[in-house]
Amino acid sequence: AASRTLSAILDSNKIARDTFNAANRPYVGVDGTVVQHLEYDAFGNMRTVPRRTPQTKDMSFTVHIKNFGSVPARDFQTSWIVRFGGLVVPGSKIPDTPNALFPSQTIFLAGQIGQDNYLDLMNGKKVLEAEVFISYYGPSGKFTECETQRFSPDSSAFLNLGACKW
């Protein structure tokens, strides 16, 4: 009987610890991707618009990454691979320096599709896809996430395709 009581106490302690760890950890993930089409008037002046128009020639996109959890994400790092038409798009990215991402804080990754590729993207001839990698530590260990996003010309938005296939 004493061993069953000790076992029940140990099980109860484990449940309490697991519940505490789940409630008190960072949860970092993609909080959406903002798309802005760049429109030019007859004088070459640019303005951003939410959808394609006859005057749009390129577009920018910004991935928002947020800590949804209740504690800071330590040694936070993020990166991404952007593919256009199946090929990795070379681009410069400021290297990540391990730091903290605090609760409700958001950081951004930004990209652009230039005039040479914009029509192929908007006409569906080529696909724009991004894999967003996230790595961080919380009180109970290391966490990694990877999410695939694909641009939909019809909705002028990025769709979440779920976990990366790496």
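Exposed here means over 50% relative accessible area. In this predicted model, S104 passes that mark, as its relative accessibility is 54%. The residue sits in the loop that runs between β6 (99-101) and β7 (106-113). What draws the eye to S104 is its backbone: phi is near 70 degrees, a positive value in a residue other than glycine. Most residues other than glycine have a negative phi.

D75 is another residue of this kind, with a positive phi near 50 degrees although D75 is not a glycine. Here the setting is a strand, β4 (residues 73-84), and not a loop. D75 has a relative accessible area of 41%, so it counts as partly exposed. Across the chain from D75 there is G138: the two are 63 residues apart in sequence, yet their C-alpha atoms are 9.0 Å apart in space. A positive phi also turns up at S156, where the value is near 55 degrees. S156 belongs to the hairpin of β9 and β10, with four residues between the strands.

That hairpin brings in the strand pairing. Strand β9 (residues 141-152) runs antiparallel to β10, and six bridges join the two. As for the register, E147 stands opposite A163 of β10.

Elsewhere, four strands make up an open sheet, in the order β2-β1-β3-β7, with antiparallel pairing. At the edges are β2 (46-49) and β7, each of which pairs on one side only. From one strand to the next, the twist averages 30 degrees. Within the sheet, β1 (residues 28-40) and β2 pair in the antiparallel sense through four bridges, and E39 stands opposite R47 in β2. Helix α2 (residues 115-122) packs on this sheet and touches β1, β3 (56-67) and β7. The direction of α2 makes about 80 degrees with that of β3.

Now to the aromatic side chains. The count of aromatic pairs comes to four. One of them joins F61 and F158, whose ring centres are 5.3 Å apart. The planes of these two rings make 45 degrees, and the pair is classed as tilted. F61 lies in strand β3 and F158 in strand β10 (residues 157-163), so the contact between the rings ties together parts that are 97 residues apart in sequence. Both partners are out of the solvent by the under-20% cut-off for buried residues: F61 is buried, with a relative accessible area of 3%, and F158 is buried too, at 12%. Nor does the pair stand alone, as ring pairs link F61 and F158 with W80 and F151 into a cluster.

A charged side chain also meets aromatic rings in this model. The charged end of R25 sits over the ring of Y27, at 3.9 Å from the ring centre. R25 lies over the face of F143 as well, with 3.6 Å to the centre of that ring.

How values were computed. Residues are numbered from 1 along each chain as its sequence is written. Side-chain values use heavy atoms; hydrogens and water are left out. Buried means under 20% relative accessible area, exposed over 50%, partly exposed in between (1.4 Å probe, protein chains only). Two strands pair if DSSP finds at least two bridges between them. Axes are lines fitted to C-alpha atoms, for helices over the stretch in contact, and angles run from 0 to 180 degrees between N-to-C directions. Contact means heavy atoms within 4.5 Å. Rings of Phe, Tyr and Trp (its six-membered ring) pair if their centres lie within 6.5 Å; planes under 30 degrees apart count as stacked, over 60 as edge-to-face and the rest as tilted. A charge sits over a ring if NZ of Lys or CZ of Arg is within 6 Å of the ring centre and within 35 degrees of the ring normal.
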